[in-house]
Amino acid sequence: MQPDVVVIGGGAVGVSSALELARRGARVTLLERGAALASGCSAGNAGLICPSHSTPIANPTSVRNGLRWMWKRDSPFYLRPRPAVVPWLARFVLASRHWEAGARALRALSIESLELHAQLGAELGTSFERTGTLNVYTTPDGLAREIGEAERSGLRFEVHDADETRALEPSLIGPVEVSVRFPDEARADPKRFVDAVGRAAADAGAEIRTGVEVRSLDELQAETVVVAAGAWSGRLVRLPLQGGKGYHIDFARSTDDPRMPAWVKETWTIATPLPDRLRLSGTLELAGLDLSISARRVDAIRLGGDRWFRGLAGREVLETWAGLRPCLPDGLPAIGRAGRVVIATGHAMKGVALAPVTGRIVAQLVAGEAPKHDLRPFDPKRF
């Protein structure tokens, strides 16, 4: 049977798109190049569902830090010098001047996606839980910007001094000046989310095929093709994508673990308590499509965890992982339609967080409906 829609990519955005389409009655085939769903970056990240973090990676602070850190291989934001990345960097710097418009657009998607995550969590058991999130500062630097972002988002938030922060999160052992807590935000195990949504898509009638690599869209006989292949989408459509390599280290659970995801802003160290493990993450390396694991960057994450969180030294490590986040120069995803192709990629560090709302928008675009969100900031043709 010729499908109405072929979805390329079995990560968070791909399975969310397949579920929305199948539930609308479309004949859907999802193709994933890996041996299983979530074979790419959707298998590993901090798992934060947090509209409070809606500033795109292209912003003045990232430009300053990038220039300061780009030659330091264990820095939170590292750029591997390569001639091919120069045009991307030029666009990145130019886009950083307009970050506020991008933040507003991302925030609108993120707020709706948080509620869709809650619905899917209740229905499918995705491991979604409103634990709240905690942003920790060792100095007051950046606090005013964070509070401004929180106020613009309309989210509930609380500001805590050092003593209040330690009482709220006893796992913190490093120097703390102040923190901001968002009690309505959440976390989900990314792999469990993809698996649960993928099963639901199959139950709704979508055909899920793994171990299938698409090299050309011309190979596919379908009315519509959805490109949601993450960092590899650039091989199928013209987009200036760079792979932003992220790492995580998973530890066995302990009674010392944080009660909620805690993000130490100074070093980008994020500790996320998942149902059966503690995940330590928080680094971005622009590395093309290189999936090798840098021992130096893993050590930097581990040292950050030892410095900031109780009981990590000597803890059993369950997994060390690296994956490629799809990053466009302005830090915004590409979501839009061009002929029979619908593009949904480039979500950078917010792929899992934005997956439900992106899947809904993809289904609306396929059906010829006008999404309620203004998609002009995400138009793939902007490049």
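In what sense do strand S12 (residues 262–264) and S13 pair, and over how many bridges? Select both strands and you will see antiparallel pairing over 3 bridges. Two strands count as paired here if DSSP finds at least two bridges between them; the strands themselves (E, at least two residues) and the helices (H or I, at least four) are DSSP runs, numbered from the N terminus.

Before moving on, a word on what is loaded. This is a predicted model, in which local features need pLDDT of at least 70 and side-chain atom pairs count only at pLDDT 80 or more, while totals for chains, interfaces and linings use all residues. Residues are numbered from 1 along each chain as its sequence is written, and side-chain values use heavy atoms, with hydrogens and water left out.

**Stop 1: around S13**

Stay with S12 and S13, and pick out Val 264, which sits opposite Thr 269 of S13. The hairpin has 4 residues between these strands, and Trp 268 in this hairpin adopts a positive phi near 60°.

Now colour S13 by burial (buried means under 20% relative accessible area, exposed over 50%, partly exposed in between, with a 1.4 Å probe and protein chains only). S13 spans residues 269–274, and 6 of its 6 residues are buried, so this strand is largely enclosed by the rest of the structure. Thr 269, Ala 271 and Pro 273 are buried on one side, and Ile 270, Thr 272 and Leu 274 are buried on the other.

Next, add strand S14 (residues 277–281), which runs antiparallel to S13 and is joined to S13 by 5 bridges. The hairpin linking S13 to S14 uses 2 residues. To find the register, show Ala 271 with its bridge partner in S14, Leu 280.

**Stop 2: helix H8**

Select residues 295–308. The 14 residues of H8 should span 20 Å at 1.5 Å a residue, and the C-alpha atoms at the ends are 20 Å apart, which agrees; the expected span is 1.5 Å times one less than the number of residues. Which residues of H8 are buried? They are Arg 297, Val 298, Ile 301, Gly 304, Gly 305 and Trp 308. Look down the axis of H8: these buried residues fall within an arc of 125°, so they line one face of the helix. That arc is taken from the directions between the helix axis and the C-beta atoms. Ala 295 and Leu 303, on the other side of H8, are exposed.

**Stop 3: Arg 315**

Follow the chain into the loop between H8 and strand S16 (317–327), where you will find Arg 315. Is Arg 315 buried or exposed? With 11% relative accessibility, Arg 315 counts as buried. Show its contacts (heavy atoms within 4.5 Å). Leaving out residues up to four places away in sequence, Arg 315 touches Phe 251, Ala 252, Arg 253, Ser 254, Asp 257, Leu 278, Arg 302 and Arg 310. Asp 250 is 65 residues from Arg 315 in sequence, with 9.9 Å between their C-alpha atoms.

**Stop 4: the open sheet**

Now bring up the open sheet of 6 strands, in the order S9-S2-S1-S10-S18-S17, with mixed pairing. Its edge strands are S9 (207–210) and S17 (334–338), each pairing on one side only.

Start with S9, which pairs in the parallel sense with S2 (residues 28–32) over 4 bridges; Leu 30 stands opposite Ile 208. One step on, S1 and S2 run parallel and are joined by 4 bridges, with Val 5 opposite Val 28. S1 is also joined to S10 by 4 bridges, again in parallel, and Ile 8 has Val 227 as its bridge partner. Within S1, Val 5 and Val 7 point one way, Val 6 and Ile 8 point the other way, and all are buried.

**Stop 5: the cores**

Finish with the nonpolar cores (sets of buried Ala, Val, Leu, Ile, Met, Phe, Trp, Tyr and Cys residues joined through side-chain atoms within 4.5 Å). The largest has 48 residues, and Leu 21, Phe 193, Val 226 and Phe 378 have the most contacts inside it. Helix H9 gives the most to this core, with 9 residues. Centre on Phe 378: beyond its neighbours within four places in sequence, Phe 378 is in contact with Ala 105, Leu 106, Leu 109, Leu 332, Pro 333, Ala 334 and Ile 335. Apart from this core lies another, of 20 residues, among them Leu 134, Leu 172, Met 260 and Phe 309.
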